[in-house]
Amino acid sequence: MTFWCREKIEVQVHKHPHYQSLNEKLMKDISTLNFTRHENNVYGTNIKGSQFNFSSNPNIAKPNGIKLLEQWFTQIVKDSSGMFSEDNVDINFGTWVARLDKGQETVLHHHHPQCTMVFVYFLNTPKGSSPLVFPTSGKKIKAEAGTIVIHPSILKHKVPPNKCDNRLTIASNVYISENGINF
């Protein structure tokens, strides 16, 4: 599904065709990660919960499940845009895992100019999981396991206070360049 926001920005929403098995792998992959609470995050964060950022932990290799998710994102973007070929595009990911428990939220923010695009993948969505909200456009994306939301970095978004424990998402700042030109 694709929709356009009031800002004339395209947002893509896709469901992974084998999300149950992917999510099992991802849950196993992240079970050993040491999450950092937002109060202890020295880099600053809009996530008022806990997170594990692979960019901040370069000695920990990205698990295969995360790599599969990044590959799926890459295929979606290449298929939908038609502007990238295998030979001339470079896509780099700044990926993290976020956990929101009851009452925790992600404040309104955007990712521009730090990256080109952003994705959020819903991994664990217990009853009461808050949606992803694009308040300037009046759009909400229900938190459903196996769903990925892709949008340009300039689009403001937030997650209202959560009503459950262990809402898990995997998100990434995506840097895209073609023949050395950043998008």
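**A guided reading of the predicted model**

N166 is found in the loop between β11 (157–159) and β12 (167–178). In this predicted model, the backbone of N166 has a phi near 65°, a positive value in a residue other than glycine. N166 is partly exposed, its relative accessible area being 30%. A second residue with this feature is K8, which is not a glycine and yet has a positive phi of about 60°. K8 belongs to the loop between β1 (2–4) and β2 (10–15). With a relative accessible area of 71%, K8 is exposed.

Most residues other than glycine have a negative phi, and most peptide bonds are trans. The peptide bond from H112 to P113 is cis, with omega near 5°. P113 sits in the loop between β6 and β7 (117–124).

The overall fold provides the setting for these local features. The protein chain contains two helices and 13 strands. Its radius of gyration is 16 Å, close to the 16 Å that the globule rule gives for 183 residues, so the chain is as compact as a globular protein of that length. Taken along the principal axes, the box filled by the C-alpha atoms is roughly 45 × 40 × 35 Å. Of the 183 residues, 49% count as buried. The accessible surface of the chain comes to about 9,500 Å², and carbon and sulfur atoms account for 49% of that surface. Contacts across long stretches of sequence are also a feature of the chain: among contacts between residues at least 6 apart in sequence, 77% join residues at least 24 apart.

L100 offers a specific example of such contacts. This residue lies in strand β5 (residues 89–100) and is buried, with a relative accessible area of 1%. Leaving aside neighbours within four places in sequence, L100 is in contact with I47, K48, G49, E105, T106, V159, N162, C164, D165, N166 and R167. The list thus includes N166, the loop residue with the positive phi. The C-alpha atoms of L100 and H157 are separated by 16 Å, the two residues being 57 apart along the chain.

T106, one of the contacts of L100, lies in strand β6 (residues 106–109). T106 is likewise buried, at a relative accessible area of 10%. When residues up to four places away in sequence are not counted, T106 touches N46, I47, K48, L100, K158 and V159. I47, K48 and V159 are therefore found in the contact lists of both L100 and T106.

The helices may be considered next. Two packed helices are described by the angle between their axes and the distance between the axes. The axes of helix α1 (residues 19–30) and helix α2 (residues 64–81) come within 8 Å and cross at roughly 135°. That angle makes α1 oblique to α2. From α1, the contact is made by L22, K25, L26 and D29, and from α2 by N64, G65, I66, L68 and L69. By class, this contact has five nonpolar, two polar and two charged residues.

Helix α2 also holds T74. T74 has a relative accessibility of 15% and so counts as buried, the cut-off being under 20%. Apart from residues up to four places away in sequence, T74 touches I91 and F93.

How values were computed: Residues are numbered from 1 along each chain as its sequence is written. This is a predicted model: local features need pLDDT of at least 70, side-chain atom pairs count only at pLDDT 80 or more; totals for chains, interfaces and linings use all residues. Side-chain values use heavy atoms; hydrogens and water are left out. Axes are lines fitted to C-alpha atoms, for helices over the stretch in contact, and angles run from 0 to 180 degrees between N-to-C directions. Helices (H or I, at least four residues) and strands (E, at least two) are DSSP runs, numbered from the N terminus. Angles under 35 degrees count as roughly parallel, over 145 as roughly antiparallel, 65 to 115 as roughly perpendicular and the rest as oblique. Contact means heavy atoms within 4.5 Å. Ala, Val, Leu, Ile, Met, Phe, Trp, Tyr, Cys and Pro count as nonpolar, Asp, Glu, Lys and Arg as charged, and the others, Gly among them, as polar. The radius of gyration is taken over C-alpha atoms; the globule rule is 2.2 Å times the number of residues to the power 0.38. Buried means under 20% relative accessible area, exposed over 50%, partly exposed in between (1.4 Å probe, protein chains only). Accessible areas come from the Shrake-Rupley method with a 1.4 Å probe; for residues, only the protein chains shown count as cover.
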